[in-house]
Amino acid sequence: MSANRWWGRPATTLAACVARGELSAEQAVESGWEAASTWEGDVHAVAHADATVRARAARTAPPGPLRGVPVIVKDNLCTAGDYPTTCGSRILAGYRAPYDATVIRRLRAAGAVLTAKGNMDEFAMGSSTEFSCYGPTRNPYDLTRVPGGSSGGPAAAVAYGLAPLGLGSDTGGSVRQPAAFCGVFGLKPTYGRLSRYGLVAFGSSLDQVGLFARHAGDVALLYSLLAGPDLRDATTRASPPPDVSAWDRGVKGLSFGWPENLWREGVEPEVVAALEEAAACLERAGARRVAFDFLPGTYAVATYYLVATAEASSNLARFDGVRYGPRAPSTDVWSLYVRSRSQGFGPEVKRRILLGTYALSAGYYDAFYLKAQRARTRIRREYQAAFGRCDFMLLPVAPTLAFRLGEKTTDPLAMYLSDIFTIGANLAGIPGLAVPLGLAGSGLPRAVQLVGPEDSEPTLLRAGRALEVRGEVARLGREHETEFPWPMKR
Amino acid sequence: MAHEAVIGLECHIQLATRSKMFCECPAEFGASPNSNVCPVCLGLPGALPVVNRAAIDAALQLGLVLGCTIREASVFARKNYFYPDMPKNYQITQYDRPLCEGGALPVRLCETARSFPLIRIHVEEDTGKSFHPERTGDRPVSRVDFNRAGVPLLELVTEPAFRQPEECGAFLAGLRRLARWLKISDGDMEKGHLRCDANVSLRPPGSASLGTKTEIKNLNSIKGVEKGLTAEIARQAAVLDAGGRIEQATLLYDADHDKLAVMRSKEYAHDYRYFPEPDLPQLTVDAAWVEEVRGRLPEPPWTREDRYVDHLGLPAYDAAILCETRERSDYFEAVVGAGTDAKRASNWVMTEVLRHVNARGLSEREAALRLPAKSLAVLIGATESGRITSASAKEVLEEVFEKGGDPEAVIAARGLVARSSPEELLPLVREVLAENPGPVAQFRGGKQATLGFLVGQVMKKSGGRAAPQVVQELLRAELGALR
Ligand SMILES: [Zn+2]
């Protein structure tokens with residue numbers, strides 16, 4: 001029996017089979033790498049991997065709900081003793097973290113095996129995974145297209161079956177958008193529900209660790225294992241996280257917002273079609289559609305880019321060549337800073353550091369950063385008001401399906417605007433779930449986004465599951481269809 | 001031309017908490033370089049700060065004793081600038097919403113009670129320490145020790161309320177005493193537990209406007225504050241008197257050479273790009289916490305000084321010395337509490353006990369262990385009643401401080417109870433009279449003071465153990481009989 005029999009199975013199935021002794025943890029991990037032998041050379045989703053390291057991890061995985069389940073985590077999550085943690089940046093070339101991020105610690109304690117570190121836009125700044133010092137990741141559904149970003153590596157790897165689960169980080173859509181482009185589930189939890197300790201910071205008040213999986217049930221399981229307070233992250237919530245165990249309960253009695261005004265222009269017809277199908281599907285499953293106009297701050301994109309870059313300019317100050325990372329030869333400390341940083345950071349990171357530094361400068365602080373904070377408060381209130389009328393909202397993830405490599409790298413503004421539907425959840429600190437919804441005629445994955453109030457993860461997962469069952473979920477490798485037990489009906 | 005100096009101080013107090021401000025590393029001084037470090041205080045990627053509540057508690061103690069207003073929701077902020085001993089290249093501090101505002105520190109200056117108003121006290125983290133340049137082969141090398149990085153600091157900013165450098169020295173001494181009194185800092189300026197920067201400008205006496213100010217850094221001893229400010233005031237006065245203008249600048253005081261050097265001029269002023277620290281929620285200090293801290297505050301030293309003068313009738317000088325440290329004043333109070341007259345207790349503590357403390361390099365805490373206040377009270381009582389002579393009392397102190405032990409036991413073991421029986425003392429008196437015909441004749445000639453000499457001689461013969469009163473009576477009687 002080939003290990004590939006196990007390829008594409010849900011994490012829950014793999015874990016159950018490992019627990020019953022039907023396959024070993026090592027086999028579970030290597031089944032994904034068999035798939036990688038087909039895909040990885042073209043897709044380039046992996047930034048760091050090591051066969052010896054993952055074999056050892058598989059052998060020594062403790063018993064737990066994820067025993068033997070491979071997980072790919074983004075290169076900005078600190079992992080000790082196995083892989084480098086480099087954030088896709090030259091400035092961290094070869095850097096090995098001396099400690100595990102809290103979510104990594106929890107993953108390992110649950111028996112999961114870190115099978116690789118996923119490629120990403122440098123320091124999570126980007127929407128296409130083209131800004132990585134390791135080169136771009138490609139979309140497994142169309143190698144001429146981007147997988148989305150910045151967590152494009154884990155998203156693409158989960159899509160092609162390297163692992164059933166992945167971790168990314170979502171500052172403005174960096175989990176949901178690549179999930180949508182690659183046809184997998186992507187959850188950005190409520191701010192403060194997943195510890196950020198050990199996640200290399202981009203915009204601290206916006207960053208959340210996000211989850212990738214091919215199945216709604218796997219998202220629920222992963223969330224239940226990782227969410228919860230962490231004494232090492234003062235921004236985690238002290239209360240117990242919401243219970244997502246009823247993810248398969250259906251959507252009867254739920255209402256969803258339908259802010260059609262948002263996609264009247266500037267959104268591809270395929271995206272609109274997916275939204276309409278999703279709405280119809282939810283209605284058939286017993287949910288109620290509430291149509292209303294929603295204007296989540298005309299200035300959301302401006303607000304987001306001010307807050308995110310301001311925080312980033314300070315967060316990235318520590319990368320100076322003094323304590324870790326490559327140090328440029330220099331004769332004094334100032335040239336050491338200037339050279340190490342000039343050589344270490346890529347162009348998009350430099351652009352954002354400059355923007356953020358400017359926004360915080362004396363004389364501009366009130367006009368930019370302070371005003372952005374006020375706008376943010378207003379955006380949060382507008383979301384709250386919308387959730388007074390519905391349990392969650394149906395939104396696009398991105399205005400387009402996966403775009404071509406190189407299409408937006410020369411036009412930063414176009415790249416920034418592609419975040420328009422995802423940044424709201426980050427600004428408001430609320431959860432968003434990207435749900436795959438079959439393939440477009442072009443063969444590219446389609447998706448919709450479910451956004452709810454704080455701690456509405458259980459509701460979003462119920463709705464995501466309803467779409468998974470009744471909708472059409474994207475898949476790769478049609479020839480493997482019979483061996484792909486996707487829990488869906490056509 | 002006459003000038004009036006306007007001076008404001010910025011003091012940093014390193015807190016003596018067990019762990020650092022935002023991580024669990026020990027905050028101790030003197031560990032081997034870079035041993036008390038972790039991902040948080042090294043600013044490693046992904047690490048996050050968590051507030052040490054013990055440091056906030058210390059800030060509340062200081063703030064409440066000084067009468068500050070405590071902000072219920074204060075905010076941490078990032079102060080951004082690059083420096084190799086600052087691991088994150090930003091310092092977590094407080095900016096526009098500090099924990100404590102207002103308040104004042106009472107200081108006694110040349111017997112006058114003064115009170116210097118404060119602007120604010122806030123909590124922040126210390127930086128590491130740079131050592132440079134060292135030489136490795138032909139290359140200069142700088143080294144950084146991050147043990148101090150993240151150690152909690154309180155920054156206290158005064159109003160520009162000082163006019164004389166001596167006032168600043170007295171303020172700093174008062175602040176150091178208070179920090180130690182509250183046991184929130186060791187207050188050792190040599191070790192950098194208390195550091196001071198000053199702003200100074202000159203103006204014509206009586207003017208209400210302010211001149212251009214300079215900032216002096218590194219005023220790290222009380223003498224240094226006074227000398228550094230004196231030097232800068234003289235420099236500014238000379239510039240102004242020569243018709244020049246003061247340039248805004250930051251100066252560094254070199255205490256070893258009593259010199260000021262320009263660190264940076266105005267063009268190089270930092271833009272610190274302060275913004276609220278997104279990794280930390282608002283710091284909430286509720287009324288219950290404030291009241292709990294207030295409830296366990298000790299009586300402040302200046303209140304004690306007043307009480308000693310007003311209620312115990314001590315001279316202000318005594319009160320000031322006794323209240324220099326909390327251990328000393330607690331000890332004094334315990335001696336008084338054991339029934340000793342206050343002035344007598346004050347004399348014994350200030351002369352005898354402090355003499356041993358200083359001569360033996362003891363801490364006052366150790367001294368109080370060797371000679372508990374109760375024992376000192378017993379010793380004073382025995383001396384006052386004449387049961388032992390004051391010479392014997394000193395002998396007892398000597399032994400107790402040297403070897404420890406109960407004073408009563410020492411008195412018994414050494415047979416120090418004063419000899420007061422005339423039968424025992426009369427032979428000694430007679431010997432002395434026989435050996436000193438000169439003084440005897442002088443006394444007879446009316447020189448009463450000679451009696452003191454003769455008493456001393458008898459005391460000497462008795463090994464200091466004769467009761468002086470009895471000796472005197474016997475001498476008088478014998479001299480009368482001889483006549
Ligand atoms: Zn530490």
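Begin by selecting chain B of this predicted model and colouring it by burial: of its 483 residues, 41% are buried, a word that applies when 20 or more other C-beta atoms, placed from the backbone, lie within 10 Å of a residue's own, while 12 or fewer make it exposed and anything in between partly exposed. Residues are numbered from 1 along each chain as its sequence is written, chains are lettered from A and ligands numbered from 1 in the order in which they are written. Because the model is predicted, local features need pLDDT of at least 70 and side-chain atom pairs count only at pLDDT 80 or more, whereas totals for chains, interfaces and linings use all residues.

**Chain B as a whole**

Keep chain B selected and show it as a ribbon, where you will find 16 helices and 17 strands; these are DSSP runs numbered from the N terminus, helices being H or I with at least four residues and strands E with at least two. Along its principal axes the C-alpha trace spans about 95 × 60 × 55 Å. The radius of gyration of chain B, taken over C-alpha atoms, is 30 Å, but a compact globule of 483 residues would have one near 23 Å, by a globule rule of 2.2 Å times the number of residues to the power 0.38.

Next, colour chain B by its domain assignment, which gives domain 1 (4-289), domain 2 (299-413) and domain 3 (422-482), the bounds coming from an automatic or database assignment. The centres of domain 2 and domain 3 of chain B, taken over C-alpha atoms, are 33 Å apart. The contact between them takes 4 residues from domain 2 of chain B and 5 residues from domain 3 of chain B, where contact is defined as C-beta atoms, placed from the backbone, lying within 7 Å. On the side of domain 2 of chain B that touches domain 3 of chain B there are 1 nonpolar, 3 polar and no charged residues; Ala, Val, Leu, Ile, Met, Phe, Trp, Tyr, Cys and Pro count as nonpolar, Asp, Glu, Lys and Arg as charged, and the others, Gly among them, as polar.

**A sheet in chain B**

Now select strands 5, 4 and 16 of chain B, which in that order form an open sheet of 3 strands with antiparallel pairing; two strands pair if DSSP finds at least two bridges between them. Strand 5 (90-94) and strand 16 (275-276) of chain B stand at the edges and each has a single partner strand, so one side of each is left without a neighbour in the sheet. Strand 4 (residues 76-80) of chain B is joined to strand 5 of chain B over 5 bridges, and B:F76 can be found opposite B:Q94 in strand 5.

**Across to chain A**

Show both chains together to see where they meet: 23 residues of chain B are in contact with 33 residues of chain A. The side of chain B that touches chain A holds 14 nonpolar, 4 polar and 5 charged residues.

Then hide chain B and look at chain A, which has 15 helices and 11 strands. Its radius of gyration is 21 Å, close to the 23 Å that the globule rule gives for 490 residues, so chain A is as compact as a globular protein of that length. Of the 490 residues of chain A, 62% count as buried.

**The annotated residues of chain A**

Select A:K74, A:S150 and A:S174, which an unreviewed UniProt entry lists for "active site"; such annotations may be inferred rather than shown by experiment. Although spread over 101 residues of sequence, they cluster in space, with a largest C-alpha distance of 10.8 Å.

A:K74 lies in strand 2 (residues 70-74) of chain A and is buried, with 31 other C-beta atoms within 10 Å. A:S174 lies in the loop between strand 4 (165-170) and helix 6 (176-182) of chain A, and it counts as buried with 36 C-beta neighbours inside 10 Å. Leaving aside neighbours within four places in sequence, the contacts of A:S174 include A:S150 and A:G168.

**A last stop at strand 11**

Finally, select strand 11 (residues 445-451) of chain A, where 7 of its 7 residues are buried. Strand 10 (residues 432-439) of chain A runs antiparallel to strand 11 and is joined to it by 6 bridges, with A:L439 standing opposite A:P445. Strand 9 (residues 392-395) of chain A also runs antiparallel to strand 11, through 3 bridges, and the bridge partner of A:M393 in strand 11 is A:V451.

Note on methods: Two residues are in contact if their C-beta atoms, placed from the backbone, lie within 7 Å.
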